[in-house]
Each structure stands twice: as structure tokens, then as C-alpha cells.
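Biologist: Please take one stretch of this model, go through it slowly, and then follow the links outward from there. I would enjoy one connected account rather than a list.

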Amino acid sequence: MSRLFKILAFLMISAFLFISCSETETDPVMKDLLRQDKLIVLTLNSQTTYYLGTDDEPAGFEYDLTKALADSLNVEVEYKVLDNIEDLLNAINSGEGHIAAAGLTRTDTREQKYLFGPDYKAVQQQVVCHRQSILPKDTSELLNRSILVVADSSYEEALQEQQQDYPELKWETTSELSAEQILEKLVSKEVDCTIVDSSVFSLNHRYYPDLKEAFPFSEEQSLAWVLPPDSAAFKQYINDWFEKSESNSALNIIDERYYGYVDMFDFYNNHIYLKRIKSRLQEYGSAFREVAEQYEIPWTLLAAQSYQESNWNPEALSHTGVRGLMMLTEATAKAIGIKKRTDPHQSIKGGAKYLNQMLKKVPEDVAAEDRIWFALAAYNIGFAHLLDARKLASELGKNPSTWLDVKEVFPLLSQKKYYKNLKYGYARGMEPVRYIDRIRYYQDVLVNSLQSA
């Protein structure tokens, strides 16, 4: 970025904030950010914050959110992963970064020491234990349990508050383990219980189905970024940016990307699925990989779709006549050159080919990260009904190019007051929503299972 452009950007931000130029120039964070042409984000490595996905690309709720902020500033973004919460908070207060983004809870104690930005997600602390144990109903029943929580966390603060009423309440803390790693210790029964935010447990419950929420341990709390001291102008910019993000649904889109399908957890089905990953999938894994590479589709997505369709049963047959691993109709199989739907390899290839055809038909204005969900919706309910859903989304003032909005509209296709005015008429619109939610769920569980193996 040229020196002139930096100056212009600096002045534009000042105007946007409606604060004086001199006030902005004295903000060390804003000055440093523009000088480096880079937003430095301090974070922790976890499923709810920042991690490398299956393609070795960064992912995570905090990653997407801070990347969007950097884009709004027209700067690059650098992520520095710290080891624990104490190091993270010390680093932000000493000016080693511009934002500490790590699912940090705003608490009264922390607000006395740190500068918080705006709230962006509501959570509630939960006591989590092994489901085979006798679950405690309240704090009094934790007195004889072994409890392990992340050190310097809001969970430790809550325990300290509860200890005033229950002096016998004891716990251990760790700076070496993340909340997710503590959950693993619960699974192996090395510790009785822990405390985590509802957001953390909702994302990890599917990976650890043997765990269960015992009872809420706090009132609703808010997550927020922590900013360096003396960054008033930068904080105001972030406040305004969040308001704009909420008004244009950008924040909701990111939230749906990570949390929009996690509530469908079912203990029995999840348990069976994990068993089948180790048994049935072994037989078809190479075929999924081979075909997925040919059509440039993540093999874990293709495998998850197949499980949703047939539970990886090549002889599966529905009452409507679809059959095979990918549950192809006879007409579809014929159109894409599949001779035997019950042949596993042919079925996988047919399903991938048909999905690829739907992907190519998805309009170019659809967001890149959402194109696969639009294609899967068309695979499930037909491309014509997808067009109707997009049309209806536009008529209702929603964005027809994001899955977040089209997902809300699809169920309306079964209501006469809506479908009577649509070109292709009635459809069981809730089906593609559930279909895609389950596929996303199954893919996440599969990826985690493979990484843990």
C-alpha cells in the first residue's frame, strides 16, 4: 500500500468514525495497524476459535470474524496463536497484537483489567460430566467430584464465586490443556466433570457423545474481543463495524456456518455413526476418495452425503424407488450413465457426477462457501424448487445468494400461500434443510474421527 493510500485510508476511517483527526492520530493501535498494513490477531488454537481445516487452510468462528474485519479495513491479517488465556491477555495488554479473539467471556473481574470490544455471541457456562455417571443436579452435588477447568478462564471465576457459598468446593486448573482436551479426559473418566461454555460443548458434543450437560453453571454471558489499552478510535471502528455486520447479516452468516446445525445431536444415532465409520466406511473409503478427487469434491463431504442417503448400505431401497449408496433414482442413473445402482463404485460415481452437475448450475452470484449447500439442496429436492426458493427469498427481502437466508425460506414452499404463486409449486421444503444440516454434521464428525485416529 502506498504512503498516499495509507494517509487517505487513515482519513477515511476518521470520517467514518465521526471523530477528530487528531483523536484518531493519537490512537496507537490504529496508527500501528495502518503503518503495518496488517491486523494482528492473538488467538488460541481450538475448534471454536482458530484451527487448520482438512485442506490445511485456517478456519474457525474467530478466524472468519476477524478476517472479515481485516477485509473491511483493506489490510492483511496475521494470526499469532498463544498457549493459554493468561499469555493471551498479557500479550494484548502489552501491545503484541491489535485484537485478542479467542471466545473470551466478558466478566466484571476482567473488565477491571482489560478493554473489551462489543459483544458478539451469548453463551452460558455448563457443567459437563460422563453420561454414565450419576449427574449432579446443582453445585452442592459437585463437592465430592473431581473437577478440572482451564486456568484463568471465566469458568475458574465462576467456581471462585460459588466457593463463597460452598467452601468445600474444590477443583484443579490447567494451562496445558484446552477445554476440548479436558473433555477428552472426561471421556476416559480421568476426571469427573468440567465447566465449559455452551458454544464449546455444542460444537464438541458430537465428537464426544458419551458426555452430557449436567446443569447450567452461570447466567447468560457474552463473548467479546479484548483490545489493547488506549485504543478508543479502534474500538469505535469495531463497534460501528459490528453494527453494520448485524444489519447486513454478515455476523449471522458466520454464526450459521459453525453453529447452524450442531443442535441436531442424537446420542444413539451419533453412537451408531461412529461405529460405522470404523466398520462400513473402511470398505468404501478408497472409492469415495478416488471419485471425489475426479470431481474436485471433498471426499469427506461425499461420504457424509452417502451416509445421509443410505447409511452406507449399497442395497438400500426407499419406498420411492431410489436405491444404492447414493440413493439414485432410476431416471437419474440412466441420465448419467450408471447401469447398476447397487454397485457401490458406480453409485458413488453417479452421485458425485450428479452433484457436480448441480454445482455447475448454481448461479454465479451465490457466495463461494455456500455453493455446495445450494447444489446439495438441488440434489435433494430438485433444481427447479431451488430456483423457487431463491425467487421467494428475493420477494421476502432476503438474500437469495446466501444459504443462511435460503435455508429460512425453503420450509415455506410447503405452505399454500407461498407456493401457489411460485412456478414449480408445492415442495417439502423442510427436507433439504434437514438433509444439508445432517450432511454437515456427519462430515464434521467424520473429519474429527479421522484426525483423532
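Modeller: Happy to, and I will begin with a single residue: Glu-296 is exposed, its relative accessible area being 74%. Keep in mind throughout that this is a predicted model. Glu-296 sits in the loop between helix 13 and helix 14, and its phi is positive, about 55 degrees, although it is not a glycine. The two helices beside that loop lead to the part I would like to show you, because helix 13 (280-294) and helix 14 (299-310), together with helix 21 (430-452), are among the elements that cover the buried residues of helix 12.

So let us look at helix 12 itself. It runs over residues 267-278, and its 12 residues should span 16 Å at 1.5 Å a residue; the end C-alpha atoms are 17 Å apart, which agrees. At its start, Asp-266 places a side-chain oxygen within 3.3 Å of the backbone nitrogen of Tyr-268.

Which residues of helix 12 are buried? They are Asn-270, Ile-272, Tyr-273, Arg-276 and Ile-277. Because these residues cover an arc of only 165 degrees around the axis, they lie on the same side of helix 12. The general background is simple: an α-helix has 3.6 residues a turn, so residues three or four places apart point the same way. On the face turned away from the buried side, helix 12 carries the exposed residues Tyr-268 and Lys-278. Tyr-268 is thus linked to two parts of the picture: its backbone nitrogen is the one reached by Asp-266, and the residue belongs to the face away from the buried side.

Two of the covering helices take us on to a pocket. Helix 14 and helix 21 help to cover the buried residues of helix 12, and each of them, like helix 17 (371-381), supplies at least two residues to the lining of the second largest pocket. Helix 21 gives the most to that lining, with 4 residues. In all, 23 residues line this pocket, and Glu-309, Thr-320, Val-322, Asn-380 and Glu-431 are the ones nearest its centre. The space inside comes to about 690 Å³.

Now back to the backbone feature we began with. Asp-230 also has a positive phi, near 55 degrees, in a residue other than glycine. Its place is the loop between strand 10 (211-227) and helix 10 (232-247), and Asp-230 is exposed, with a relative accessible area of 63%.

Strand 10 covers residues 211-227, and Glu-213, Phe-215, Pro-216 and Phe-217 are among the contacts of Gln-126, leaving aside its neighbours within four places in sequence. Gln-126 belongs to strand 6 (residues 115-130). Is Gln-126 buried or exposed? At a relative accessible area of 10%, Gln-126 counts as buried, because the cut-off for buried is under 20%. Its side chain makes a polar contact of 3.5 Å with that of Glu-213. Gln-126 also touches Thr-194, Ile-195, Val-196, Ser-198 and Phe-201.

Key: Residues are numbered from 1 along each chain as its sequence is written. This is a predicted model: local features need pLDDT of at least 70, side-chain atom pairs count only at pLDDT 80 or more; totals for chains, interfaces and linings use all residues. Side-chain values use heavy atoms; hydrogens and water are left out. The expected span of a helix is 1.5 Å times one less than its number of residues. Buried means under 20% relative accessible area, exposed over 50%, partly exposed in between (1.4 Å probe, protein chains only). The arc is that of the directions from the helix axis to the C-beta atoms. Contact means heavy atoms within 4.5 Å. A polar contact is a pair of N or O atoms within 3.5 Å; within protein, one must be able to donate a hydrogen and the other to accept it, and residues adjacent in sequence count only if both atoms are side-chain atoms. On a 1 Å grid over the protein atoms alone, a cavity is a set of points where a 1.4 Å probe fits but cannot get out, and a pocket is an open set with protein on both sides within 12 Å along at least five of seven lines; lining residues have an atom within 4 Å of a point. Grid points are joined across faces, edges and corners, and a volume is the space filled by probe spheres set on the points.
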